[in-house]
Amino acid sequence: MIPLVYSTNSLHDLEQFIVAGLCAHENLDQAQVKVQRSLLRKGDAKIGLFIRISGPRLMQSQAIWIEPENRLLFYNSAGKRFATVKLAEAPELPTVSI
């Protein structure tokens, strides 16, 4: 189960938390999924991070970190939101594309 609040200062830890949550929800092995990351932008400003995992049978599940709101939104393979997590502390967005 994904907690309602999470705190980290490490981008790597945040990504691992997201991938673990997505894999647990979809009953997938973390070692067997492909992870894609991209920065979300609004104009020139970076406003978040998009992470997608791809599993067997073309299954895809994703999460979005909305940095100004410090929220994580988790979506299952059907595109339905299944969890929202508030970030008590969050890392800085990277200055370069991921």
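Read along the sequence, the protein chain runs β-α-β-β-β-β-β, which comes to one helix and six strands. The model is a predicted one. With a radius of gyration of 13 Å, close to the 13 Å that the globule rule gives for 98 residues, the chain is as compact as a globular protein of that length. Laid out along its principal axes, the C-alpha trace spans about 35 × 25 × 25 Å.

A few whole-chain numbers help to set the scene. Of the 98 residues, 38% count as buried. The chain exposes about 5900 Å², and carbon and sulfur atoms supply 50% of that area. As for charge, there are 11 positive and 9 negative ones, and their mean positions lie 9 Å apart. Contacts also reach along the sequence: taking those between residues at least 6 apart, 45% join residues at least 24 apart.

What sits in the middle of the largest nonpolar core, in terms of touching the most other members? The core has 22 residues, and the ones that touch the most other members are Phe-17, Ile-18, Ile-53, Trp-65, Leu-72 and Phe-74. Helix α1 (11-26) and the strands β3 (45-54), β4, β5 (71-75) and β6 (81-89) each supply at least two residues of this core. The largest share, six residues, comes from α1.

Trp-65, one of those well-connected core members, is worth following outward. Leaving aside neighbours within four places in sequence, Trp-65 is in contact with Leu-11 and Leu-14, with Ile-47, Gly-48 and Leu-49, with Asn-70, Arg-71 and Leu-72, and with Leu-87, Ala-90, Pro-91 and Leu-93. Next along the chain comes Ile-66, which is placed in strand β4 (residues 60-66). Beyond its neighbours within four places in sequence, Ile-66 is in contact with Ile-47, Arg-71 and Leu-73. Ile-66 and Lys-46 are 20 residues apart in sequence, yet their C-alpha atoms are 9.8 Å apart in space.

Strand β4 also holds Gln-60. At 33% relative accessibility, Gln-60 counts as partly exposed, the band for that label running from 20% to 50%. Once residues within four places in sequence are set aside, its contacts are Arg-52, Ile-53 and Ser-54, along with Asn-76 and Ser-77. One of these, Ile-53, also appears among the core residues that touch the most other members. Gln-60 and Lys-34 are 26 residues apart along the chain, and a distance of 9.5 Å separates their C-alpha atoms.

At the start of the fold, Val-5 is found in strand β1 (residues 5-7). Not counting residues up to four places away in sequence, Val-5 touches Val-85, Lys-86 and Ala-88. From Val-5 to Glu-15, ten residues along the chain, the C-alpha separation is 15 Å.

Two asparagines round off the picture, each with a backbone quirk. Asn-27 has a phi near 55°, a positive value in a residue other than glycine. Asn-27 is placed in the loop between α1 and β2 (34-42), and at 70% relative accessibility it counts as exposed. Asn-70 likewise is not a glycine and has a positive phi, about 50°. This second asparagine belongs to the loop between β4 and β5. Is Asn-70 buried, partly exposed or exposed? Asn-70 counts as partly exposed, because its relative accessibility is 23%, and buried would need a value under 20%. Asn-70 is also one of the residues in contact with Trp-65.

Conventions. Residues numbered from 1 in each chain as written. Predicted model: local features only at pLDDT ≥ 70, side-chain atom pairs only at ≥ 80, totals over all residues. Heavy atoms only, no water. Helix = DSSP H or I, 4+ residues; strand = E, 2+ residues; numbered from the N terminus. Contact = heavy atoms within 4.5 Å. Core = buried A, V, L, I, M, F, W, Y, C linked by side-chain atoms within 4.5 Å. Buried < 20%, exposed > 50% of the residue type's maximum accessible area, 1.4 Å probe, protein only. Rg over C-alpha atoms; globule rule 2.2 N^0.38 Å. Areas by Shrake-Rupley, 256 points an atom, 1.4 Å probe, with all protein chains shown as cover. Lys, Arg positive; Asp, Glu negative; His and termini not counted. Charge placed at Lys NZ, Arg CZ, Asp CG, Glu CD.
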